Amino acid sequence: KVDCLIELFSEEIPARMQINAESEFLKLFEKACYSRGLSYESQELFSTPRRLGLMIRNIDEKQDNQFIEIKGPNIFAKDIAINGFLKTHNEKKKNLKKRKTNKGEFFFVEKVLKGKQTKLLMPEILEEIIINFNWAKSQRWGNSDIKWARPLRNILLLIDDKTINGKISIGNDKKIVFSNSTFGHRFYSKKVKINNIQSYKKKMKNCFVYVNRIERKKLISSQI
């Protein structure tokens, strides 16, 4: 099991969009994990005017191997159909299995799909989330093909405190490369390097950013 930190950094997102954005982010992340057979122990969402993020604890380090059966032609089918099935799946006829169904007896090929490491799956998960993200109001910005509430500028992605190699294409040969850095308060701090997931919130506080929306609200209320 490993921990994971995702932060999507953009230009300032209107306050009315931030709460819904958190729930949309979680919904899409859960869907992506479920479809890939990944589970995790817990998660923590966070948002600020310029960032949307998710901290995941004890997510599977890799997928389980999957055993699958692929149905082929009827056992009495012509050789051309059977040979085509064998070629498609790079298999020999002697390795095919016969299974009876309510529509007759068919050839099947059995395969074991080796599970991928989560660090290799996360770039495609993130791309899926970003492409399918449903904002109350969004548009394309500049030369980007991605529709986002405000221009997306940076993607922080750590798994087990390590930066994950990968990038998201935003169109016109432009890409956002994953990094282990983000940005503090607009007026008081510049780039912030994150080397440890568990220290993320504390490090951001030191840069005048409270990433937890509820904690931030309590702090503001206490000063009124």
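## Salt bridges in the predicted model

Glu24 and Lys27 share helix H1 (residues 15-35), where they sit three residues apart, about one turn of the helix. The model discussed here is predicted. Glu24 forms a salt bridge with Lys27, with 3.2 Å between the closest N and O atoms. Glu24 counts as buried, at 9% relative accessibility, whereas Lys27 is partly exposed, with a relative accessible area of 48%.

Side chains of opposite charge can pair when their charged atoms come close. A search of the whole structure finds 14 salt bridges, and the table lists some of them, including the pair in H1.

| Salt bridge | Closest N to O distance |
|---|---|
| Glu24 and Lys27 | 3.2 Å |
| Arg36 and Glu124 | 3.0 Å |
| Arg57 and Glu44 | 3.3 Å |

The side chains of Arg36 and Glu124 also meet in a salt bridge. Arg36 belongs to the loop between H1 and strand E2 (42-48) and Glu124 to helix H3 (residues 118-132), so this pair ties together parts that are 88 residues apart in sequence. Arg36 counts as buried at 12% relative accessibility, while Glu124, at 34%, counts as partly exposed.

A further salt bridge links Arg57 with Glu44. Because Arg57 lies in strand E3 (residues 51-59) and Glu44 in strand E2, the pair ties together parts that are 13 residues apart in sequence. Arg57 is partly exposed at 25% relative accessibility, and Glu44 is buried at 15%.

Finally, salt bridges that share partners join Arg36, Glu124 and Glu128 into one network.

Terms used:
Residues numbered from 1 in each chain as written. Predicted model: local features only at pLDDT ≥ 70, side-chain atom pairs only at ≥ 80, totals over all residues. Heavy atoms only, no water. Salt bridge = Lys/Arg side-chain N within 4 Å of Asp/Glu carboxyl O. Helix = DSSP H or I, 4+ residues; strand = E, 2+ residues; numbered from the N terminus. Buried < 20%, exposed > 50% of the residue type's maximum accessible area, 1.4 Å probe, protein only.
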